[in-house]
Amino acid sequence: MEENKYLDNIEQQDDVVRCPVCGSKNVEFVTYQASSNFDKGDACCGYLLCGPIGLLCGAKNKTEAKTVRKCKKCGKEF
């Protein structure tokens, strides 16, 4: 009988994201984005391959995005 209650609780909680530290359901998704405006290596290669216009290859934006879950109660990111 007790095992059935445990299984029922698991089935009800399958779609709920909880903080691994405090167990709170108050969790949000946060995206961090880091960017680099100029890459000297790309500019050098671009210049050698395409001349002065190739310098623009180093000026392109390179961005990396990282999405994490963050607990609004304790601040833990996971």
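**Reading a two-helix, two-strand chain**

Modeller: Let's begin with C19, which is buried, having a relative accessible area of 4%. Please keep in mind as we go that this is a predicted model.

Biologist: Happy to. How do I read "buried" here, and where is C19 placed?

Modeller: The general idea is a cut-off: under 20% relative accessible area counts as buried, and over 50% as exposed. C19 is buried because its 4% falls under that limit. Its place is in the loop between α1 and β1.

Biologist: Which residues does C19 contact, leaving aside its neighbours within four places in sequence?

Modeller: Contact here is about heavy atoms within 4.5 Å. With those neighbours left aside, C19 is in contact with S24, V27, C71, C74, K76 and F78. It also helps to set sequence separation beside distance in space: C19 and E77 are 58 residues apart in sequence, and their C-alpha atoms are 8.6 Å apart.

Biologist: C71 is in that contact list. Where is C71 found, and is it buried or exposed?

Modeller: C71 is found in strand β2. At 2% relative accessibility, C71 counts as buried. Not counting residues up to four places away in sequence, C71 touches C19, C22, S24, N26, V27, K76 and F78.

Biologist: S24 turns up in the lists of both C19 and C71. What is the C-alpha separation of C71 and S24?

Modeller: Their C-alpha atoms are separated by 7.2 Å, although the two residues are 47 residues apart along the chain. S24 is found in the loop between α1 (2-13) and β1 (27-36). S24 is buried, with a relative accessible area of 13%. Beyond its neighbours within four places in sequence, S24 is in contact with V17, R18, C19, C71 and K73.

Biologist: The side chain of S24 has a polar atom. Which backbone atom lies 3.0 Å from it?

Modeller: That is the backbone nitrogen of N26. For reading such a pair, the cut-off for a polar contact is N or O atoms within 3.5 Å.

Biologist: What about K72: which residues does K72 contact, leaving aside those within four places in sequence?

Modeller: K72 lies in the segment after β2, and it is in contact with N26 and E28 once those neighbours are left aside. The C-alpha atoms of K72 and E28 are separated by 7.0 Å, with their positions 44 residues apart along the chain.

Biologist: How much of the contact pattern comes from residues 24 or more positions apart?

Modeller: Among contacts with a separation of 6 or more, such pairs account for 59%.

Biologist: We have talked about buried residues. Which residues form a nonpolar patch on the surface?

Modeller: Y47, L48 and L49 do, with about 400 Å² of accessible area together. One of them, L49, is found in helix α2 (residues 40-50). L49 counts as exposed, at 73% relative accessibility.

Biologist: And how does the chain read as a whole? In what order do the elements run from the N terminus on?

Modeller: They run α-β-α-β, from two helices and two strands. Of the 78 residues, 13% count as buried. The chain exposes about 6500 Å², and carbon and sulfur atoms supply 51% of that area.

Biologist: Last one: which element has the lowest mean pLDDT, and which the highest?

Modeller: pLDDT is the predictor's confidence in each residue, from 0 to 100. The lowest mean among the elements belongs to α1, at 50, and the highest to strand β2 (residues 62-71), at 84. For the protein chain, the mean pLDDT is 76, and 64% of the residues reach 70 or more.

Definitions and conventions:
Residues numbered from 1 in each chain as written. Predicted model: local features only at pLDDT ≥ 70, side-chain atom pairs only at ≥ 80, totals over all residues. Heavy atoms only, no water. Patch = residues over 30% accessible without salt bridge, like charges linked within 9 Å, V, L, I, M, F, W, Y side chains within 5 Å. Areas by Shrake-Rupley, 256 points an atom, 1.4 Å probe, with all protein chains shown as cover. Salt bridge = Lys/Arg side-chain N within 4 Å of Asp/Glu carboxyl O. Helix = DSSP H or I, 4+ residues; strand = E, 2+ residues; numbered from the N terminus. Buried < 20%, exposed > 50% of the residue type's maximum accessible area, 1.4 Å probe, protein only. Polar contact = N/O pair within 3.5 Å; in protein donor to acceptor, adjacent residues only side chain to side chain.
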